[in-house]
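Me: I should like a close look at a single part of this model, followed outward to whatever surrounds it. Please define each term when it is used.

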Amino acid sequence: MKSGKFWAWVVFGLGAAYFFIPLIGTLEFSLRMRRGVYSLDAYRVVLGDDRFQATFSYSVVVAIFTILLGVLIVVPTAYWIRLRMPHLRPTVEFITLLPLVIPAIVIVFGYIRMYGSDSPLPFLASARGTDALLVIGYATLALPYMYRAVDTGLRTIDVATLTEAAQILGAGWTTIITRIILPNVLIAVLSGAFLTFAIVIGEFTIASLLNRPAFGPYLQNVGANRAYEPSALAIIAFAITWGCMSLIQVLSRFAPKSANRPN
Amino acid sequence: MAEPFLSIQHVQKSFGATTVVADFNLDVGAGEFVSFLGPSGCGKTTVLRMVAGFEEPNLGQIVVAGKDVTQLKPNQRNIGMVFQAYALFPNLTVAQNIGFGLKVAGAARAEIDKRVAEMLDLIKLPHLDGRYPYQLSGGQQQRIALARALAPKPRLLLLDEPLSALDAKVRVSLREEIRSIQKSLGITTIFVTHDQEEALSISDRVAVMYGGKAEQVGTPFEIYNRPQTKFVANFVGTLNVLEGTVIDAASEKVRVNGEEVTLKGKLNGSKAGDTLSLALRPEAISLGRQADRDARLSGEISEVHFLGSVIRVRVGIGGNVISLDTFNNPATPPPAVGQKAEISFSSDDMLVLI
């Protein structure tokens, strides 16, 4: 084995150990609820908890709406930027990166000040309004991932020529986006959607400060008051995230293949 | 020409400070196949895109079948177009690609299926209906793109360098197929290319473009044999350019490399002492003295290139080098470099460049 390859494996091994040892420790601890033997008691308790089911269901619904909002905003924007306003791309990329540098707590305090019950847009005056604001907040947090996923998908197709080919055949903008562009970037959109899902399921700050019954605050609450259940929840949360990532990998195999290859 | 089917009138297009198309005019008759031929950046694709509706002219008018379409959007023009990069929709099968225009127009399923089958038969690929574009070769993809463009029965067909991404063999067979389909359907067609052989071989007329203008519009025969400008003469085919001096304008005599040549009706008002750019096609020149050629020049063979059926010979004459083509004769070896040679040509074949 060449020395370069050997050191590469050493670095890989160290990285894997750094990542997996705490995870294995957490898994092992989550199985020790029953004294003296390994058991799934902690998982049974967590999964049987009504609050787990309620908060998880709530977060799944919020995640679905967040994904829909994200797709509605990002797909036409990224498409239009690629097609007609490529000079604006650096600006839009910068804007989509802002949620990574502005902490969620700043965003949520901004929301509370802007959309209180005495504001012209009183989102916080009702539970449904607050839910809507939560979805908007999550769509903002997921923007860097969704935009990049869709933009990368658009890069793999010749957006301008496909648009013109559809236009000359009589298609309008709605037909072009729904029947040509979206199906060709669907896998990229799904990648963005699963990343969004993973973010929404574990998010704590916005949900907590808006006082919504989401999964993130539930995780924090259980973690603060129980011993073994938080470890079980952490493993469940990891499993959900990894499930999403695996789905991205599986679905990417079904992406429409580029036809632009030489004869 | 009777009432033109497509009329491009005084069209001008600028991008910022750069004028890409400057006062372009062209009338195309119904069923005619016209090629836009020119180098990169001459404005040929921009004119085509303005006809399609993808670019809006700054000035001028585009009229199709008597109707001004200048302000219409591409999806309102009923024009078919084939793109250089095929532009088949990767997520749709061949049949769905061909039927796309009809589906958008709201045609019934049975009608779409019938038309798709007709189109697949027309391009001789009836077995490929269920394939996806990535499963096809470049030539097949471009045939499908042609079928897709023709399926909604457009009034006009635009072909934007459709053969340039294909290999040489496929290019030749597909261009013949395109011409044959165009003739059988009688559809008015504009073909953009930078390949002169393509343009000359399949067009009814060729518009040679340069600097955003049509330098010359004519049949392939006229364009090749009677170029009206220096650019057309140089761009289309290989050309030998010689300098000549008018000796006597009345008798139309010109001195070329110390020898007199009579150019009947070609001096265009030049006076004695004027210098002229004279041009000759390689195939118009013969090596050695020929009884039917009235003009001769002497020189020395500087290069010989054996090209198979043809031998290209370069002869140094004064300060000029003249290329000429002779057919390969297996019984006679090619001429040798350094050999003294006389070339002969008919003065009728000599072009005076403007």
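How many residues of strand 3 (residues 33–37) of chain B are buried?

Reply: The model is predicted, and local features are given only at pLDDT of at least 70 and side-chain atom pairs only at pLDDT 80 or more, whereas totals for chains, interfaces and linings use all residues. Residues are numbered from 1 along each chain as its sequence is written, and chains are lettered from A and ligands numbered from 1 in the order in which they are written.

Five of the five residues of strand 3 of chain B are buried, and the strand is mostly covered. A residue is called buried if 20 or more other C-beta atoms lie within 10 Å of its own, exposed if 12 or fewer do, and partly exposed in between, with C-beta atoms placed from the backbone. Helices (H or I, at least four residues) and strands (E, at least two) are DSSP runs, numbered from the N terminus. Phe33(B), Ser35(B) and Leu37(B) point one way from the strand, while Val34(B) and Phe36(B) point the other way. Residues on both faces are buried.

Strand 3 of chain B has parallel partners in strand 8 and strand 9 of that chain. Two strands are said to pair if DSSP finds at least two bridges between them. Strand 8 (residues 188–193) of chain B is joined to strand 3 by five bridges, and within this pairing Phe36(B) faces Val192(B). Strand 9 (residues 205–210) of chain B is joined to strand 3 by four bridges, with Val208(B) as the bridge partner of Leu37(B).

From strand 9 the pairing continues to strand 10 (residues 213–218) of chain B, here in the antiparallel sense and over five bridges. Met209(B) and Ala214(B) stand opposite each other in this pair. Strands 9 and 10 of chain B form a hairpin with two residues between them, and Gly211(B) in the turn has a positive phi of about 60°.

Val192(B), the residue opposite Phe36(B), also leads to strand 7 (residues 156–160) of chain B, where Leu159(B) lies. Leu159(B) and Val192(B) are 33 residues apart in sequence, yet their C-alpha atoms are 6.1 Å apart. Leu159(B) counts as buried because it has 27 C-beta neighbours inside 10 Å. Two residues are in contact if their C-beta atoms, placed from the backbone, lie within 7 Å. Apart from neighbours within four places in sequence, the contacts of Leu159(B) are Val82(B), Ile178(B), Thr189(B), Ile190(B), Phe191(B) and Val192(B).

Two loop residues of chain B depart from this buried setting. Lys153(B), in the loop between helix 4 and strand 7 of chain B, has a positive phi near 55° although it is not glycine. Lys153(B) is exposed because 12 other C-beta atoms lie within 10 Å. Lys124(B), in the loop between helix 3 (109–122) and helix 4 of chain B, is likewise a residue other than glycine and has a positive phi of about 60°. Lys124(B) counts as exposed because it has 10 C-beta neighbours inside 10 Å.

On the wider scale, chain B is assigned domain 1 (6–229) and domain 2 (240–353); such bounds come from an automatic or database domain assignment. Taken over C-alpha atoms, the centres of the two domains are separated by 40 Å.

Chain B also touches chain A, in a contact that takes 29 residues from chain B and 23 residues from chain A. On the side of chain B, strand 6 (79–82), helix 2 (94–104) and helix 4 (138–150) each supply at least two residues. That side comprises 21 nonpolar, seven polar and one charged residue. In this count, Ala, Val, Leu, Ile, Met, Phe, Trp, Tyr, Cys and Pro are nonpolar, Asp, Glu, Lys and Arg are charged, and the others, Gly among them, are polar.

The partner, chain A, has 12 helices and zero strands. Its C-alpha atoms fill a box of roughly 70 × 70 × 30 Å along the principal axes. Of the 263 residues of chain A, 33% count as buried. Among contacts in chain A between residues at least 6 apart in sequence, 76% join residues at least 24 apart. Arg155(A), in helix 6 (residues 127–155) of chain A, counts as partly exposed because it has 13 C-beta neighbours inside 10 Å.
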